[in-house]
Amino acid sequence: MIEVEKKFILTSDQEKALTEGAEFLGEKKFTDSYYDDAEYSLTKQDIWFRNRDGKFELKLPMNVSIEERVSDQYKEVEDEKEIKEYFKFDASKSIMNLLEERGYKPFCVMTTTRRKYQKEGFGIDLDIIDFGYTVAEIEYMAKEKEDLREVTNKIIEFAKEHNIITNSVVRGKGAEYLRRYNPKHFQALIEAGVLK
Ligand code: V4E
């Protein structure tokens, strides 16, 4: 499955419209640590390697150019064996060995409180992040063969139906964290064409 998601900063009226009639799936709190080496080798390729509450996960870009970027399209790899395969790393060694050998260190640690909803086949996440940032995500799980542009349009249509109209790209929490706390890394990603 491919996760297609679009982020929005909502007014309280928009948040109300979006969650009205939605099924509330629950609230959870999780802490993410994002890893990279000193050259930002991963994030400069839009690869996001994180540990979420003790479990490693990889978010791999679906080769969407920054000009065309109207939504986030990432493939998620959560299986440790597959993560090691992706990094062409010895399967008999641990992920900790991988971090050590490749020089991957945490560059961002943040805790998110997430309220999850479901409405008309879309997932809605309302994220409140500990460093003072709140962002909403509307997501749709697409099948490998689905046209991702069409899926993005579906998300935009759904948002419009709730009076959420935005043409701007909303920064994800990782990008916002870097902008605030690690301008050097943030600038490197702008120069690499990963962030705007
Ligand atoms: C993909 C990404 C980053 C990692 C965090 O991604 P995000 O979607 O915010 O995480 P989260 O917690 O919602 O993941 P989920 O629980 O849905 O799996 S940090 C920056 N990016 C990429 C990115 C980009 N290239 N451009 C912009 C404007 N924002 C983010």
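A polar contact is a pair of N or O atoms within 3.5 Å, and within protein one of the two must be able to donate a hydrogen and the other to accept it. In this predicted model, such a contact joins the side chain of Asp46 to the side chain of Tyr74, at 2.9 Å. Asp46 itself is found in the loop between strand 2 (23-36) and strand 3. Because a residue is called buried when its relative accessible area is under 20%, Asp46, at 12% relative accessibility, counts as buried.

The strands around this loop belong to a wider arrangement. Eight strands close into a barrel, following the order 1-5-4-3-2-6-7-8, and the pairing is antiparallel. From one strand to the next, the twist averages 35°. Within the barrel, strand 3 (residues 48-52) and strand 4 (residues 55-61) run antiparallel and are joined by five bridges, and Trp48 has Lys59 in strand 4 as its bridge partner.

Strand 7 can be followed in detail, with one neighbour described after the other. Strand 7 (residues 122-129) is mostly covered, since seven of its eight residues are buried. With strand 6 (residues 105-119) it pairs in the antiparallel sense over eight bridges, and Ile129 in strand 7 is the bridge partner of Thr112. The hairpin of strand 6 and strand 7 has two residues between the strands, and in this hairpin Glu120 takes a positive phi near 50°. Strand 7 also pairs with strand 8 (residues 133-142), again in the antiparallel sense, over seven bridges; here Gly123 stands opposite Glu139 in strand 8. Three residues lie between the strands in the hairpin of strand 7 and strand 8, where Gly132 adopts a positive phi near 90°.

Aromatic rings provide further links, and the count comes to 17 aromatic pairs. One of these is formed by Phe49 and Tyr104, which meet edge-to-face, with 6.0 Å from centre to centre and 80° between the planes. Since Phe49 lies in strand 3 and Tyr104 in the loop between helix 3 (95-102) and strand 6, the pair ties together parts that are 55 residues apart in sequence. Both Phe49 and Tyr104 are buried. The rings of Phe131 and Tyr177 have their centres 5.5 Å apart and their planes at 80°, and because planes over 60 degrees apart count as edge-to-face, this pair is edge-to-face as well. Phe131 in the loop between strand 7 and strand 8 is thereby linked with Tyr177 in helix 5 (residues 173-181), and these distant parts of the chain are 46 residues apart. Phe131 counts as buried because its relative accessibility is 13%, and Tyr177 counts as buried because its value is 17%. In addition, ring pairs link Tyr35, Phe49, Phe56, Tyr86, Phe87 and Tyr104 into a cluster.

The surroundings of the ligand were also examined. Of the 24 residues around the ligand, those that come nearest are Glu5, Arg50, Arg52, Arg114 and Glu137. For Arg114, an N or O atom in the side chain is 2.8 Å from an oxygen atom of the ligand. Backbone atoms take part too: a backbone N or O atom of Gly172 lies 3.3 Å from a nitrogen atom of the ligand, while for Val194 a backbone N or O atom lies 3.1 Å from a nitrogen atom of the ligand. On its own the ligand has 670 Å² of accessible area, and the protein covers 97% of this area.

Technical notes: Residues numbered from 1 in each chain as written. Predicted model: local features only at pLDDT ≥ 70, side-chain atom pairs only at ≥ 80, totals over all residues. Heavy atoms only, no water. Buried < 20%, exposed > 50% of the residue type's maximum accessible area, 1.4 Å probe, protein only. Helix = DSSP H or I, 4+ residues; strand = E, 2+ residues; numbered from the N terminus. Pairing = 2+ DSSP bridges. Axes fitted to C-alpha atoms, helices over the stretch in contact; angles between N-to-C directions. Phe/Tyr/Trp six-rings, centres within 6.5 Å; stacked < 30°, edge-to-face > 60°. Near = heavy atom within 4 Å. Areas by Shrake-Rupley, 256 points an atom, 1.4 Å probe, with all protein chains shown as cover.
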